[in-house]
Amino acid sequence: MSRDVAFATVKLGMENRKMSGLLFYGGEPLLERKLIYDIVDYAKDIGKKTGHTFYYKMTTNGILLDEEFLKFSKKNNLAIGFSHDGCAQDDCRVSADGVGTFALLKDTIPLLLKYQPYAIGMCVIDPSTVHKASSIVKFLFDKGFRYITVGVNYCKTAPWTKNHLSILEGEYKKMAEMYIKWTKAEDKFYLSPFDMKILSHLKGDKYNTDRSRMTINQPSVAPNGKIYFASRYLDDPAFEIGDVFSGINVEKQKSISQKGDIPSEICSKCALRLRCNYAYGNPVYHKSEYIADVSPIQCTHEQLITPIADYVAEKLYKEGNALFIHKHYNEIYSFVSLIEDISSR
């Protein structure tokens, strides 16, 4: 991405609002470290002149992460999402010569958490690594990550089978017991997708309404300056909604969002639709129109995880676990928790 495109993105992002966020991702964003420095400096300069507040976040595989950048991130409150698949790292994250990257990151993890104790540990479960899913989460937790996200590879090329999904269900049940254990030990943590599914129960109708609003507020900019409805649609002409120099086609953006918020016939009859991450706001372009669509793997995943997350929540709630109730029913929990953490240092 050129500086002209990057700076135009910053200007566009601050229109009609008092604060905005800039997320750096790729590929590997640290290949363009200097550009990140320049973008943040540019945004800070605008903030000083206008009073606009910018927030920053980056997703990285950590290979190029060093103390210099971590000092920069701490100084500028740039949050970091760290992609690491724990004990499966060498199975799926290898360098060009085929060598696994686990050993390369051995010292990076403690360095990252030294500067960013709230860094997000991000792992992705694939058919080839599904049998290690709970071990991956435990690895990240044991290393000190307290914000952990578990994604699933939904690519059409991922060869999921019924056997793989059965293994995934078993791994989620192991994570459920870990969740209960950690909560009872009064460890403060966030584990997606469990906490997201618990949130979907608490929010009810608002869950997907809020998710849809979030999508509208998070368009994605390609290196050439074209703007897309969301990051997963990059380079898909059907989801191109403008460019950073001429702005966003708001009508097209709204139209795509509204179409995606009309569930398919099969989803509209599903008991889980209000808690599903894919029944709403997941449009595809099919036969010259935008429609909501959920792949069989996405659908099966939601059927697997929801009752397991509910088991965890019901058990801890019925036991009157104070941390669980505080975490999920106290709206100011995150602020109180932060103050407690700072005070304990």
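Rings of Phe, Tyr and Trp, the last by its six-membered ring, form a pair if their centres lie within 6.5 Å; planes under 30 degrees apart count as stacked, and planes over 60 degrees apart count as edge-to-face. The exercises below apply this rule and others to a predicted model.

**Exercise 1. Ring pairs**

Task: State how many aromatic pairs there are by this rule, and classify the pair of Tyr147 and Tyr190.

Solution:
- Step 1. The rule yields 20 aromatic pairs.
- Step 2. The ring centres of Tyr147 and Tyr190 are 6.4 Å apart and their planes meet at 25°, so this pair is stacked.
- Step 3. The two partners come from distant parts of the chain: Tyr147 belongs to strand 5 (residues 147–152) and Tyr190 to strand 6 (residues 190–192), with their positions 43 residues apart.
- Step 4. The relative accessible area of Tyr147 is 34%, and this residue is therefore partly exposed. Tyr190 is also assigned as partly exposed, at 24%.

**Exercise 2. A second geometry**

Task: Classify the pair of Phe239 and Tyr290, and determine whether each residue is buried or exposed.

Solution:
- Step 1. The centres of the Phe239 and Tyr290 rings lie 5.3 Å apart, with their planes at 75°, so the arrangement is edge-to-face.
- Step 2. Phe239 is located in the loop between strand 8 (226–228) and strand 9 (240–243), whereas Tyr290 is in strand 12 (residues 289–292); the pair links distant parts of the chain, 51 residues apart.
- Step 3. A residue is buried if its relative accessible area is under 20%. Phe239 has 1% and is therefore buried. Tyr290 has 14% and is buried as well.

**Exercise 3. A cluster and its charged neighbours**

Task: Identify the residues that ring pairs link into a cluster, and find which charged residues lie over the rings of Phe141 and Phe189.

Solution:
- Step 1. The cluster linked by ring pairs consists of Phe141, Tyr172, Tyr179, Trp182, Phe189 and Phe194.
- Step 2. Over the face of Phe141 lies Arg146, 3.6 Å from the ring centre.
- Step 3. Over the ring of Phe189 sits the charged end of Lys327, at 4.2 Å from the centre.

**Exercise 4. Backbone exceptions**

Task: Locate the cis peptide bonds at Gly27 and Pro193, and the positive phi values at Lys287 and Ser288.

Solution:
- Step 1. Most peptide bonds are trans, and most residues other than glycine have a negative phi.
- Step 2. Gly26 and Gly27 are joined by a cis peptide bond with omega of about 15°; Gly27 lies in the loop between strand 1 (19–24) and helix 2 (33–50).
- Step 3. Ser192 and Pro193 are likewise joined by a cis bond, with omega of about 15°. Pro193 is in the loop between strand 6 and helix 8 (194–203).
- Step 4. Lys287, although not a glycine, has a positive phi of about 55°. Its loop runs between strand 11 (283–286) and strand 12, and Lys287 is exposed at 71% relative accessible area.
- Step 5. Ser288, in the loop between strand 11 and strand 12, has a positive phi near 70°. With 63% relative accessibility, Ser288 is exposed.

**Exercise 5. The chain as a whole**

Task: Compare the radius of gyration of the protein chain with that of a compact globule.

Solution:
- Step 1. The protein chain contains 14 helices and twelve strands.
- Step 2. For 345 residues, a compact globule would have a radius of gyration near 20 Å; the chain has 21 Å, which agrees.
- Step 3. The C-alpha trace spans about 55 × 50 × 50 Å along its principal axes.
- Step 4. Of the 345 residues, 43% are buried.

Key. Residues numbered from 1 in each chain as written. Predicted model: local features only at pLDDT ≥ 70, side-chain atom pairs only at ≥ 80, totals over all residues. Heavy atoms only, no water. Helix = DSSP H or I, 4+ residues; strand = E, 2+ residues; numbered from the N terminus. Buried < 20%, exposed > 50% of the residue type's maximum accessible area, 1.4 Å probe, protein only. Lys NZ or Arg CZ within 6 Å of the ring centre and 35° of its normal. Rg over C-alpha atoms; globule rule 2.2 N^0.38 Å.
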